[in-house]
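User: I'm new to this one and would like to know where the labels come from. Can we go through a few of them together?

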Amino acid sequence: MLRLLLRLYPPEFRERYGESILSFHREHLADAKRNGESRRRAWRRATLDLLSTAALEWMSVVSGRLAPSTTYAPPRLSAEDRMSIIVQEVVQSVRSLRRSVGFSVAAVVTLALGISSTTAIFSVVNSVLLAPLPFPAADRIVVPESMNLSTGQTSFFSYADFMDWRDNGVFAQVATFQDVDMDLTGAGDPVRVRAAAVTPQFFAALGVSPSAGRTLGPSDYPFDAPRAVVISDRLWKTQFGARADIAGQTAEINGIKRPIVGVLPPGARWPSGTDVWVPLRLTSEQDPSLQRRDNFLFQGVARLKPGSTIESTRAAMAALAQRVSVAEPNIRKNSSMVPTPVLSAMLGTTTPRALWILLGAVGLLLLIGCVNVANLQLARSTARRRELAVRSALGASRFRLVRQSLVESGVVALTGGALGAVLAIWMVRVIIAIAPTNVPRIETARVDVNVLAFATLISIAVAFLFGVVPAAHSASEGRRQSLRDGDGRGGASRAATQTRRVLVTVELALSVVLLAGAGLALKSIQRLSRVDTGFDHHHVLTASVTLPGIRYRSAAQIITFFYGLRERLAATPGIEAAGIVSASPLGSGGFYLGRSMVADGREVIPANEISVLWQAATPGYFAALGMQVLRGRDFTIRDDTASPPVMIVSETFAARMFGRENPIGKRAMSSRDEKVEREIVGVVRDVKLNGAADSARALVWVPYAQNNAWAVGIITVRTRDNPAGALAAVKRELRSLDGAIALANVGTMDQAMARSMAGNRLIAVLLGTFAGLALVLAAIGLFGVLSYAMAQRNREIGIRLALGAQRADVLRLVARETVPMVASGVIIGLVAALGLTRFVRSMLYEVQPNDPATFVAVAVMLAVVALVASLVPARRASRVDPVIAIRND
Amino acid sequence: MTPRSKSQGHGPAPETLLPLKPVESLMMTMLAAGERHGYGIRQDILEHTGGKIELEAGTLYRHVRQLESTGLIEPSSQRRDADDDERRIYYRLTPFGRRVLAAEMLRLRELVRLAESRRIITPARV
């Protein structure tokens, strides 16, 4: 074991001290045993020591401090002398780089591409994943959630759960809240803002203190107290002109004047995007609906108790949840409660994984860039052998030669890095522009000091990566090579050529990995865009409205408003169909109510229940969204409170509830809350509510007029032409009914569709770009090596041709050079890709991570590109004029 | 194999190698008492520092390499007991090394005297 680790040391050191180190360790172990010390500790210390000293030894070797080639001790230099030598070397490097403009430009551009991509992705990772939330000790803040133990899915919880945690002291502070949309009225057009109705400990749990005024206190909770609000910094600046005397002003929200008691500092918005915080006022905590364990309508935030950890808190929550499951097994089978760190709760699982994958991909690209530059450098150093030999002969030590080479790499890498950082600024802007809007904090991504430090670090690392191989080479060459290669054109050493072949193979293999990843991502986006979602997203405009309860108190008022608005819209020229629904697909507004239903005549027990998503709709909605009514009919205005209760269901609902029987005319009821038997009057084709990757669900629509008056509606209109053009008509009709209601979530279904695929598209686009760059770089690398190899064999080829070889023989010569590199590159790459693509599995849609078609396509593509890259050198070789080639030497 | 031990009488002036690294002067001080192998040096240091300084093999031999290459210590060919591990190499201080160590100690003594005169520590009663 230790003997194996010894191999990490530079050979010279190992030869000299390896055995001594082994016997040292043996003796140490024996002693440890004798003194009753832990052998594991001895091992751990020895291993750590070995690893660190091996690294240090290598650094000494590389920086040439050993300088064993000189037999005299070099004079010790003063600091100024050393500085001036370094300056001199940098100047020398710049000069030498300017002499070979082609090389320098190629190297700098290659590195700039790699470094900028890596830096750009890193800055996104940095601001989305790594930046702390703007709350004190944010790592102590958790989001309590309920978790389905069989699927691992998390969701909200019931108010009773919140009371459990609060009353049992599970957290230092715990608060629950509900998201609500509110219309800020008063001056100008009404504005829709996101609000949160919070319980008293909310601000303490987050640890925010107001930048002006105060947060909500106990006095704000009684029903007779003024309806106090706290507003966000953003709202303060955009709607209240950032006035200093904001506390004490009033805001008109949902038509009610409310005192503003405080402003939160910038960034401190939780849940994200919230602009207004109001007290969550409850008639009584004893209210039966709050005691229920199945209305998962509440979200929470909490701060861990001092001294307790996530783990201990998890245990405490699980114990309480366990008690509830025992008491109410029907409702709480298979579920528990968990604390999720606030940052992970905000980020979810997909975003971090996607970002790490992208960072890995750009890392590969950067590596390819390094390999390419190393290759160029190697070719150049071979060409410069004579210069090195002369310098060596004039007394330059090996150390000086290596250092010179490294300084050159450093100059190239830092130039590339500087250019890369500038490019990265631009790339980050592009990424933000095309990124899905649901990636939290993405808008904060920018190239800041951390990112610049990162760019500098990787530039230095890169300089080492691509500098060390050629440097070591030039050193050994410089030492070994005499001046006898009279014309300095002699062939490169076998070792150098071999190294270059290996480098190109590595490059090809790395590009195969990237190509495979990109191929899979592209294939899934292609599959995704071909999926039938069950509705027609072209020519549809949606916008949501919420009717303020203060002015729309009765069900009749709400229904009159919605049905009236729909009638007016449907009659508008240019609008083909109009409808209003309580929840619109692709996250374009509203929310689905989860309910359980039982078919008429069956016993109400969990086994007979099926879970459905419940929505309310007006007549015309299905036509507006382009959904197909397969059987039965759409709602009419006669489906109201006076007529028998009806519903329209999705195919999946019908199949789950009634199998193959015709569902029309059959009845079912929401078994736990509404408890009204409803007759099925229509069946619509399945729709994928969350976009192409979603699966079909059991859906239920009931007429607005029969649904206990929901005040939220998503206006859905189908237009003949550009749907955005219908917005004016929607606004006009809305204003003619009520001038104080804001339109929110305005957008076309096409946009919503694009948004639902934006994540997949972003990954596909970025991976595709990186893979394309990688392929180009690999092709350039191959081209370089082949051209060089052929140029070196010019004379040999000339002789062969003179002796009667055919052009075909020459081409075979090129093939013999190319095929092994390409073949091994492809094979190694495919094997590596097989191992790595599993990490993208969760990002794929209906494509296996080892999709054979993609892998074959990648192999073919690389082979073709390799062929193209080798064409020019091959042609050049076959056109060698024997006379010139032989005479030239 | 004769290691390259630089200049044993006509090398650079001892002062040019000062100051020594604390660990290195510690190692040399141990060797001043007689030849030792690597593990012996470690044990010696462990004992004299009350268990505070515990060198591991890699670190120790890096310093050995450094001291050897500057000619301060050298391997000795003698002192192999019959039962001794034959791979063991004993090291000893070179005369040059002894001079450098002495110079280092004089430097330290000056430093200690300075500290005493500035009342950082009370003068030792010898």
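Analyst: Happy to. Let's start with two helices of chain A: in α22(A), A:Leu775, A:Ala779, A:Leu782, A:Phe783, A:Leu786, A:Ser787 and A:Met790 meet a set of residues in α25(A), namely A:Val865, A:Ala866, A:Ala869, A:Ser870, A:Val872, A:Pro873, A:Arg876 and A:Ala877. By class, that contact has twelve nonpolar, two polar and one charged residues. Keep in mind that this is a predicted model.

User: What makes α22(A) and α25(A) roughly parallel?

Analyst: The axes of α22 (residues 758–792) and α25 (residues 852–878) of chain A cross at roughly 20° and come within 9 Å. Angles under 35 degrees count as roughly parallel, so that label fits α22(A) and α25(A). As for handedness, α22(A) passes α25(A) in a right-handed crossing.

User: Why are α1(B) and α4(B) called oblique to each other?

Analyst: Their axes, those of α1(B) and α4(B), come within 10 Å but cross at roughly 120°. Roughly perpendicular covers 65 to 115, and roughly antiparallel needs an angle over 145. The crossing angle fits neither, and therefore α1(B) and α4(B) are oblique. This crossing is left-handed. On the α1(B) side the contact uses B:Ser25, B:Met28, B:Thr29 and B:Ala32, and on the α4(B) side B:Gly97, B:Arg98, B:Leu101 and B:Glu104. Sorted by class, that gives three nonpolar, three polar and two charged residues.

User: How do you know that the buried residues of α1(B) line one face of the helix?

Analyst: First, the residues themselves: in α1 (residues 22–32) of chain B, the buried ones are B:Glu24, B:Met27, B:Met28, B:Met30 and B:Leu31. Looking down the axis of α1(B), they fall within an arc of 155°, so they line one face. It helps to remember that an α-helix has 3.6 residues a turn, so residues three or four places apart point the same way.

User: What covers the buried residues of α1(B)?

Analyst: Several elements of chain B do, including β1 (36–37), α2 (38–48), α3 (57–69), β2 (73–76), β3 (90–93) and α4 (95–117). After α1(B) comes B:Gly34, with a positive phi near 145°. In the segment before α1 of chain B sits B:Pro19, joined to B:Leu18 by a cis peptide bond with omega about -10°.

User: How is chain B put together overall?

Analyst: Chain B has four helices and three strands, in the order α-β-α-α-β-β-α from the N terminus. Of its 126 residues, 31% count as buried.

User: How many residues does each chain bring to the contact between A and B?

Analyst: Chain B brings 17 residues and chain A brings 20. On the chain B side, α2 and α3 each supply at least two, and α3(B) gives the largest share, seven residues. By class, this side of chain B has six nonpolar, four polar and seven charged residues.

User: Is A:His539 buried or exposed?

Analyst: A:His539 has 20 C-beta neighbours inside 10 Å. The cut-off for buried is 20 or more, so A:His539 counts as buried. This residue lies in the loop between α16 (494–530) and β12 (540–546) of chain A. A:His539 also has a positive phi of about 60°, although it is not a glycine.

User: And why does A:Lys675 count as exposed?

Analyst: A:Lys675 has 10 C-beta neighbours inside 10 Å. A residue with 12 or fewer is exposed, so that is the label for A:Lys675. Its place is in the loop between β18 (667–670) and β19 (677–684) of chain A. A:Lys675 is not a glycine either, yet has a positive phi of about 55°.

User: What makes A:Arg214 partly exposed?

Analyst: A:Arg214 has 15 other C-beta atoms within 10 Å. Buried starts at 20 and exposed stops at 12, so A:Arg214 lands in between, as partly exposed. In chain A, the loop between β5 (212–213) and β6 (229–231) holds A:Arg214. Leaving out residues up to four places away in sequence, A:Arg214 touches A:Val261 and A:Gly262.

Methods: Residues are numbered from 1 along each chain as its sequence is written. Chains are lettered from A and ligands numbered from 1 in the order in which they are written. This is a predicted model: local features need pLDDT of at least 70, side-chain atom pairs count only at pLDDT 80 or more; totals for chains, interfaces and linings use all residues. The arc is that of the directions from the helix axis to the C-beta atoms. Two residues are in contact if their C-beta atoms, placed from the backbone, lie within 7 Å. Ala, Val, Leu, Ile, Met, Phe, Trp, Tyr, Cys and Pro count as nonpolar, Asp, Glu, Lys and Arg as charged, and the others, Gly among them, as polar. Axes are lines fitted to C-alpha atoms, for helices over the stretch in contact, and angles run from 0 to 180 degrees between N-to-C directions. A crossing is left-handed if the near helix is turned anticlockwise from the far one by less than a right angle, and right-handed if clockwise.
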